[in-house]
Amino acid sequence: MATPIAVPTPLLALPEGWTAEKDIKTVGKLSGATQRTLEPVGPYFLAHARRARHKRTFSEDDRIQAQERAKKVENDEDSEISEPEDPMMLARDAKDWKQQDHYKVLGLSKYRWKATEEQIKRAHRKKVLKHHPDKKAAAGRTDDDNFFKCIQKATEVLLDPTKRRQFDSVDEEADVEPPTKKQLQKGNFYKLWGNVFKSEARFSKIHPVPMLGDDKSTREEVENFYNFWYSFDSWRSFEYLDEDVPDDNENRDQKRHTERKNANARKKKKAEDNARLRKLLDDCSAGDERIKRFRQEANAAKNKKRLEREAAEKKAAEDAKAAKEAAEKAAKEAEEKAKADREANKKAKEAAKNAVKKNKRVLRGSVKDANYFAEGDASPATIDAVLGDVELIQGKIEPEEIAALASKLNGLKVADEIKSVWKAEAERLIGAGKIKEGEIKAFTA
């Protein structure tokens, strides 16, 4: 089992003139512990060594160290916050703190609303170290504390979120002015206007805020940008510019009057600010080539649809006209054909009628040529009987049959042959039931 080593409690301060080696040996002997070599470390030993080296008292060393720390703070912060001080600003009356630029007072002009709480605190420390009344009193200026009060007021406002927002709301130094026509002719339109809206975006209640983009932005992105900004919801207020309300409880009417006056003034400034922002948007959109391009594309698409629609309507009209003309032509042709058919039918009927008449004349002429099948001169009664049978047979048969019968009789001169033809026709009709037996007498005997 290892023997425990007793480690002496470190001393906060050692007598003057003692060396580190002597201290270690003496402590080892006094403690009775096993002797071993220890290396002195820590801030207390370093402070002791510094005082011993420079032969300073505690108070002298503390004062010199404080001066060096202050100088170090100034040197460290010069790298981040280094802004020349305006002589007019240094001569400002502390009572006019509402008209002072708080960021400029603290040397934070280039940061402004983007300055962090840590930056504000560091800037305050730097300014206090430089402009503290005690430091100026050491230089012989005993009554010069106005700018120090300005520093304190600036810090008070900027470290209070509500008061800082009120000041940022009216901080015109943070605004980016819209580009002029000359600037736009030489510079990048979207970069110049984009900086303006980046500055205005700090007032938006809604985040993220759509930015202007560039010439490659899509139609949807551009529309989203303008829709957002034309309905911009700003937290910007103007309480910072309010007239001070009297605290005198006895003058309540004056207090109410001042409050109403401040409320009306804020309302007016809010309306003016909204009009200013709308004008910025109008001016920006008026020169935005993307909107012109999108409008031309929309018009081209619209015209294309219109031309396609007109072409379709024209084609439909032409097709309808062609169909109508074709229908009219077909109707006319059909009418002409029907007329021709009627005329042809009429002629055919007339021809058939004439043929029937002719064939009937042949039929009647055949019995006449056969002397009505009588020996010698035929009597009127015989003639009537034969012609009656001829008419009966003609009335029972169709024109084609009449024509067929006429062709059989045509050219025959012998009475028996003629009678044989008529007899065969009569028998055919009797067999077909068209004529009753006994109705024909002249051709059946």
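## Report on a helical chain

At 24% relative accessibility, Lys-270 counts as partly exposed, because that class lies between the buried limit of under 20% and the exposed limit of over 50%. The model is a predicted one. Lys-270 is placed in helix α13. Setting aside residues up to four places away in sequence, Lys-270 touches Ser-234, Trp-235, Arg-236 and Phe-238. For one of these, Arg-236, the separation from Lys-270 is 34 residues in sequence and 7.8 Å in space, C-alpha to C-alpha.

**The chain as a whole**

The chain has 17 helices and zero strands. It holds 445 residues, and 26% of them count as buried. Contacts between residues at least 6 apart in sequence join residues at least 24 apart in 66% of cases.

**Ser-234 and the loop before α13**

Ser-234, which Lys-270 touches, is found in the loop between α12 and α13. With a relative accessible area of 11%, Ser-234 is buried, because the value is under 20%. A polar atom of the Ser-234 side chain lies 3.0 Å from the backbone nitrogen of Arg-236. Apart from residues up to four places away in sequence, Ser-234 touches Phe-203, Lys-205 and Lys-270.

**The second largest pocket**

Arg-236 appears again in the second largest pocket, which encloses about 340 Å³ of space. This pocket is lined by 17 residues, and those closest to its centre are Glu-172, Asp-175, Arg-236, Asp-273 and Arg-276. Two elements, α11 and α13, give two or more residues to the lining. The most comes from α13, with five residues. By class, the lining has nine charged, seven nonpolar and one polar residue.

**Ser-285 in α13**

Helix α13 covers residues 252-287 and includes Ser-285. The side chain of Ser-285 reaches the backbone oxygen of Asp-282 at 3.0 Å. Leaving aside neighbours within four places in sequence, Ser-285 is in contact with Tyr-226, Tyr-230 and Ile-291.

**Helices α11 and α6**

Helix α11, the other element that gives two or more residues to the pocket lining, runs over residues 189-200. Its twelve residues reach 17 Å from the first C-alpha to the last, close to the 16 Å expected at 1.5 Å a residue. At the N-terminal end of α11, Asn-188 acts as a cap: a side-chain oxygen of Asn-188 lies 2.9 Å from the backbone nitrogen of Tyr-190. The buried residues of α11 are Phe-189, Tyr-190, Trp-193, Gly-194, Val-196, Phe-197, Ser-199 and Glu-200. Their cover includes α10 (181-186), α12 (219-230), α13 and α14 (289-369).

In α6, the end C-alpha atoms are 21 Å apart, which agrees with the 21 Å that its 15 residues should span at 1.5 Å a residue. Residues of α6 that are buried are Gln-119, Ile-120, Ala-123, Lys-126, Lys-127, Val-128 and His-131.

**Backbone features in the loops**

The loop between α11 and α12 holds Pro-208. The peptide bond from His-207 to Pro-208 is cis, with omega near 0 degrees.

Lys-55 and Arg-112 each have a positive phi in a residue other than glycine. Lys-55 lies in the loop between α2 (43-54) and α3 (58-78), whereas Arg-112 lies in the loop between α5 (102-105) and α6 (117-131). Their values are set out below.

| Residue and phi | Relative accessibility |
|---|---|
| Lys-55, phi near 55 degrees | Lys-55, 75% |
| Arg-112, phi near 50 degrees | Arg-112, 6% |

Lys-55 counts as exposed because its 75% relative accessibility is over the 50% limit. Arg-112 counts as buried because its 6% is under the 20% limit.

Conventions
Residues are numbered from 1 along each chain as its sequence is written. This is a predicted model: local features need pLDDT of at least 70, side-chain atom pairs count only at pLDDT 80 or more; totals for chains, interfaces and linings use all residues. Side-chain values use heavy atoms; hydrogens and water are left out. Helices (H or I, at least four residues) and strands (E, at least two) are DSSP runs, numbered from the N terminus. A polar contact is a pair of N or O atoms within 3.5 Å; within protein, one must be able to donate a hydrogen and the other to accept it, and residues adjacent in sequence count only if both atoms are side-chain atoms. Contact means heavy atoms within 4.5 Å. The expected span of a helix is 1.5 Å times one less than its number of residues. Buried means under 20% relative accessible area, exposed over 50%, partly exposed in between (1.4 Å probe, protein chains only). On a 1 Å grid over the protein atoms alone, a cavity is a set of points where a 1.4 Å probe fits but cannot get out, and a pocket is an open set with protein on both sides within 12 Å along at least five of seven lines; lining residues have an atom within 4 Å of a point. Grid points are joined across faces, edges and corners, and a volume is the space filled by probe spheres set on the points. Ala, Val, Leu, Ile, Met, Phe, Trp, Tyr, Cys and Pro count as nonpolar, Asp, Glu, Lys and Arg as charged, and the others, Gly among them, as polar.
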